[in-house]
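Take a look at the model below. Keep the sequence at hand while you read.

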Amino acid sequence: MSCAGREEKKGFSDWEDSGAVMDFSWRKAMGKNMEQNAERYTQQGAEAGPGAEQRMDGSQSSENGRGPAEDLQPNVKRVSDSLTEQAYMIRARHTNSAGRLFGGNLMAWIDEIGGMAARRHAGSPVTTAAVDSLQFTKPVLPGQTAVLVARVTHVGRTSMEVRVDTYVEYLDGRREQVNRAYLVFVAVKGDKPCPVPGLLLETEEERLEWEAGVRRDELRKQRRKEGF
């Protein structure tokens, strides 16, 4: 299990230039489990020897590198804390001229549920900054049930990447994926971006999604440079 914060030069917007991980000084506020984890990481850092710091994700930084004590945040949330699921019964008003779920309706639902997950993680209003990787793999027909599941996959200083999976759910309970999308939301207070909590990675899937989120962010930056 690792606590992932916001890493330098890996933010999701031009507002972000640094990250945050959980400060050991907040151990009491985070409860007994977090205190035990902090002690474990402190012990691992000591075992690594002088001149090295133990990051909360288990990696080490040299004494000249960025350490975990810089730009810290007091609160960290799990992916499950903001996991959001919504179901829709597909009716005629949701379909296009071909009698299938209109892609524009699905895009609106994706943005809505993604924003819900981001709000839950941030604890503040959010605004949509980017939508990418919308891939339609299967039609959804009238009378079927569409289920959308949103989860936070990566956080920056003020932004969050959210993955939204869309499924068609059959009467026997089976689900078949029809769409996957990644969105970026920025937390705001008034008219300005505000910091968001770090993300606690508890499973291998969550860790892999975090690493993929870093690569997706780099692609977004490259696309902006190229005018896409």
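What follows walks from the overall fold to its helix, salt bridges and core.

This is a predicted model. The protein chain folds into 5 helices and 11 strands. Of its 228 residues, 42% are buried. Its accessible surface comes to about 12200 Å², and carbon and sulfur atoms account for 48% of that. Take the contacts between residues at least 6 apart in sequence: 69% of them join residues at least 24 apart.

Start with helix α5, which covers residues 204-226. It has 23 residues. From first C-alpha to last it reaches 33 Å, close to the 33 Å expected at 1.5 Å a residue. Several of its residues are buried, including Trp210, Ala212, Gly213 and Val214. Charged residues are on the buried list too, among them Glu206, Arg216 and Asp217. Just after the helix, Gly227 takes a positive phi of about 85 degrees.

Where do the charged side chains of this helix go? Arg220 forms a salt bridge with Glu161, with the closest N and O atoms 2.8 Å apart. Arg220 lies in α5 and Glu161 in strand β8 (residues 159-169), so the bridge ties together parts that are 59 residues apart in sequence. Both Arg220 and Glu161 are buried.

A second bridge joins the side chains of Glu209 and Arg163, at 2.5 Å from N to O. Here Glu209 belongs to α5 and Arg163 to β8, so this pair links parts 46 residues apart in sequence. How accessible are the two partners? Glu209 has a relative accessible area of 11% and therefore counts as buried, since the cut-off is under 20%. Arg163 is buried as well, at 5%.

Compare the bridge between Arg175 and Glu169, whose closest N and O atoms are 2.8 Å apart. Arg175 is partly exposed, at 38% relative accessibility. Glu169 is also partly exposed, with a relative accessible area of 26%. Elsewhere, salt bridges that share partners join Asp132, Glu161, Arg163, Asp165, Arg180, Glu205, Glu209, Arg216, Arg220 and Arg223 into one network. The count of salt bridges comes to 17.

Now turn to the nonpolar side chains. The largest nonpolar core has 32 residues. Which of them have the most contacts inside it? They are Leu148, Met160, Val162 and Val164. Six elements each supply at least two residues of this core: α4 (103-122), β7 (145-155), β8, β9 (175-189), β11 (198-201) and α5. Helix α4 gives the most, with 7 residues. So β8 and α5 appear again, here as suppliers of the core.

Leu148 shows what surrounds one of these residues. Leave aside its neighbours within four places in sequence. Leu148 is then in contact with residues that include Leu106, Trp109, Ile110 and Ile113. Its contacts also include Val164, Asp165 and Thr166. Thr84, Glu85, Gln86 and Tyr88 are on the list too.

Two of those contacts, Tyr88 and Trp109, deserve a second look. A search of the whole structure finds 1 aromatic pair. Tyr88 and Trp109 form it, stacked at 4.0 Å centre to centre with 0 degrees between the planes. Tyr88 sits in strand β5 (residues 84-89) and Trp109 in helix α4, 21 residues apart, so the pair links distant parts of the chain. Tyr88 counts as buried at 17% relative accessibility. Trp109 is buried too, at 10%.

Definitions and conventions: Residues are numbered from 1 along each chain as its sequence is written. This is a predicted model: local features need pLDDT of at least 70, side-chain atom pairs count only at pLDDT 80 or more; totals for chains, interfaces and linings use all residues. Side-chain values use heavy atoms; hydrogens and water are left out. Helices (H or I, at least four residues) and strands (E, at least two) are DSSP runs, numbered from the N terminus. The expected span of a helix is 1.5 Å times one less than its number of residues. Buried means under 20% relative accessible area, exposed over 50%, partly exposed in between (1.4 Å probe, protein chains only). Contact means heavy atoms within 4.5 Å. Accessible areas come from the Shrake-Rupley method with a 1.4 Å probe; for residues, only the protein chains shown count as cover. A salt bridge is a side-chain nitrogen of Lys or Arg within 4 Å of a carboxyl oxygen of Asp or Glu. A nonpolar core is a set of buried Ala, Val, Leu, Ile, Met, Phe, Trp, Tyr and Cys residues joined through side-chain atoms within 4.5 Å. Rings of Phe, Tyr and Trp (its six-membered ring) pair if their centres lie within 6.5 Å; planes under 30 degrees apart count as stacked, over 60 as edge-to-face and the rest as tilted.
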